[in-house]
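Here is a quick tour of some packing and pairing worth looking at. Have the viewer open while you read.

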Amino acid sequence: MVKLVIGIVRAEKANDVLEALYRADVKGLSISHVQGHGGELDRVETYRGTTVKMELTEKVRFEVAVSEEFVKPTIDALCEGARTGEVGDGKIFVIPLEQVIRIRTGESDQTAVTPVSA
Amino acid sequence: MDGLAVLREPISAGDTAWMLVATALVLMMTPALGLLYAGLVRAKNTLNTFMMSIGALSVVTVTWTLVGYSLAFDKGNGFVGGFKYAVLRGVTFEPRTGTAIPQLLFMVFEAAFCIITAAIVSGAIVERMRFGTFLIFIALWSVLVYPVLAHWVWGGGWLQQHGTLDFAGGVPVEMASGFSAFAAATVVGARKDYGRQALLPHNAVYVLLGAGLLWVGWFGFNGGSGYSTGHPGVLAFTNTLLAPACTLLVWFVLDLLRDRRVTAIGAATAIIVGCVGITPAAGYVSPMSAMLLGALAALPSYAFIVWRPRTRLDETLDVLAAHGIAGFTGILFIGFFAQLSWNGTANGLLFGHAAQLGWQALAALAGPAYAFAGTFVILRLLGLVMPLRATEREEALGMDVVQHGEQAYMAGEGAILVAPDVGVDAPLTIARP
């Protein structure tokens, strides 16, 4: 069974998460920059006379498709890299994937998420 | 002021007109430097980095008018000037001795030099130093370090008495900022992820634009350092085009040899290195010598920029390489290539006056030593009474949001207007789903 692990983390912790994932031997991933709100304190900013509360914070979203035995190491790496202990560290979602296809070869599912070198 | 002096040294309208323009050109260099430095840091530190240059415009202008100018340009002793011109007492429309421009204009031209020199030092400590502490640091630095070195070479100090030549600031501006940056990086310490993660420039266009504007400003910086429209100023103006052009060309070749590609940020760096290299020599060497100096200045600075990131020294924007080492090259070069037939003042070693090289070499050792020691002591003492740097958490968030409560690049979403009469702590009145 192939799972998609989605981790939404603090933008400034993204590099730490990448490091942790590489150490855990998780090789295939994508990231995107998103904005979100997770109950952390609002940041107040002032531009000339205008004072605003910044409701949305920069976050980085990791998407990692892995086989069953890699789910735990991936989650551990995300937690280890992203945790500061303050509100706003982020969330991890794990969802089952119906199908995975490697475009280059047409391989599917388990073989499609196994790195070539492995 | 005695009236006779005025008659002997009349104000020249031409000189004054040029120096007014030159002063404005030099002042422009500080925001240009802010732009260059802002491009070289990560996006989350853009404003903080730029603001350090803007901060220098404010703080150093005040310290300079109160005491800095007097400590640099009052006669005093061989080490430092006195307090005769403190709070601009006696700094009026009468000409500054040896020039035909009002001393008031001379003072403001030199103010712009002190401002940019303090701003240059910020390159060593960006992305981590607290903004308020930086302002206090440059307030002290612009009184205790810069005026002393300016006095040595321009204000009648010991180097000037012995004939050391420094046209536009190899000692007080370039080597002072470079070696002060070295000391500042040592005391403040490296950024938390330095050597562990890639900390890259976020906008190379800012870097090129900043360097380009600096080069334009440098025509006032060097061209104005003759304080007149006479031969030295014209020679310096010309050499300010010739030398950096040759530095650029050599830098291109070095880039090609190293990686088979010519880099944009390398080009911006080369412009700075070339302008710095010619700064002390601008009014003293022939145009052909200036081109040689430009080419030569590229070599040590390039080598140092390649080597420095392999060390633990997080001298973040390579101020030591671009200003300290290039300034050192320029100061020494005068000792060899100064040419009486061009400058009307002195020859260098190659034209039969070996002693000139000795005095240039002494300046090239004494200037950096004082700048390093002075900055080191100021920051160490400052560190005893207040934290020099932001916490690791704040550093991770970025100095723009933490120190200034602003961002350089706003996404625009998620900002909720706080009604002025309600205040930021009032509960938000947004619709709940």
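H2(B) and H4(B) cross in the left-handed sense. This is a predicted model, so take everything below as computed from it. Helix H2 covers residues 13-40 of chain B and helix H4 covers residues 103-121 of chain B; the two pack at an angle of about 15°, with axes 9 Å apart. Angles under 35 degrees count as roughly parallel, and that makes H2(B) roughly parallel to H4(B).

Who does the touching? On the H2(B) side you'll find Thr16(B), Met19(B), Leu20(B), Ala22(B), Thr23(B), Val26(B), Leu27(B), Met29(B), Thr30(B) and Leu33(B). Facing them from H4(B) are Leu105(B), Val108(B), Phe109(B), Ala112(B), Phe113(B), Ile115(B), Ile116(B), Ala119(B) and Ile120(B). Sorted by class, the residues of this contact come out as 16 nonpolar, three polar and no charged.

Now for another helix pair in chain B. Helix H3 (residues 46-73) and helix H6 (residues 146-153) have axes that come within 7 Å and cross at roughly 25°. H3(B) and H6(B) are therefore roughly parallel to each other as well, but the crossing of H3(B) and H6(B) is right-handed. From H3(B), the contact uses Gly68(B), Leu71(B) and Ala72(B), which meet Tyr146(B), Pro147(B), Ala150(B) and His151(B) in H6(B). The split for H3(B) with H6(B) is five nonpolar, two polar and no charged.

Here are the two pairs side by side:

| Helix pair | Crossing angle | Axes |
|---|---|---|
| H2(B) and H4(B) | about 15° | 9 Å apart |
| H3(B) and H6(B) | roughly 25° | within 7 Å |

On to where the chains meet. How many residues does the contact take from chain B and from chain A? It takes 14 residues from chain B and 15 residues from chain A. On the chain B side, helix H16 (392-397) and strand S1 (415-417) each supply at least two residues. S1(B) gives the most to the side of chain B that touches chain A, with three residues. By class, that side of chain B holds nine nonpolar, three polar and two charged residues.

S1(B) also pairs across the chains: strand S4 of chain A, residues 50-54, runs antiparallel to S1(B) over three bridges. If you want a spot to zoom in on, try Lys53(A), which stands opposite Ile416(B) in S1(B).

Definitions and conventions:
Residues numbered from 1 in each chain as written. Chains lettered and ligands numbered in written order. Predicted model: local features only at pLDDT ≥ 70, side-chain atom pairs only at ≥ 80, totals over all residues. Contact = placed C-beta atoms within 7 Å. Helix = DSSP H or I, 4+ residues; strand = E, 2+ residues; numbered from the N terminus. Nonpolar A, V, L, I, M, F, W, Y, C, P; charged D, E, K, R; others polar. Pairing = 2+ DSSP bridges. Axes fitted to C-alpha atoms, helices over the stretch in contact; angles between N-to-C directions. Parallel < 35°, antiparallel > 145°, perpendicular 65-115°, else oblique. Left-handed = near helix turned anticlockwise from the far one by under 90°.
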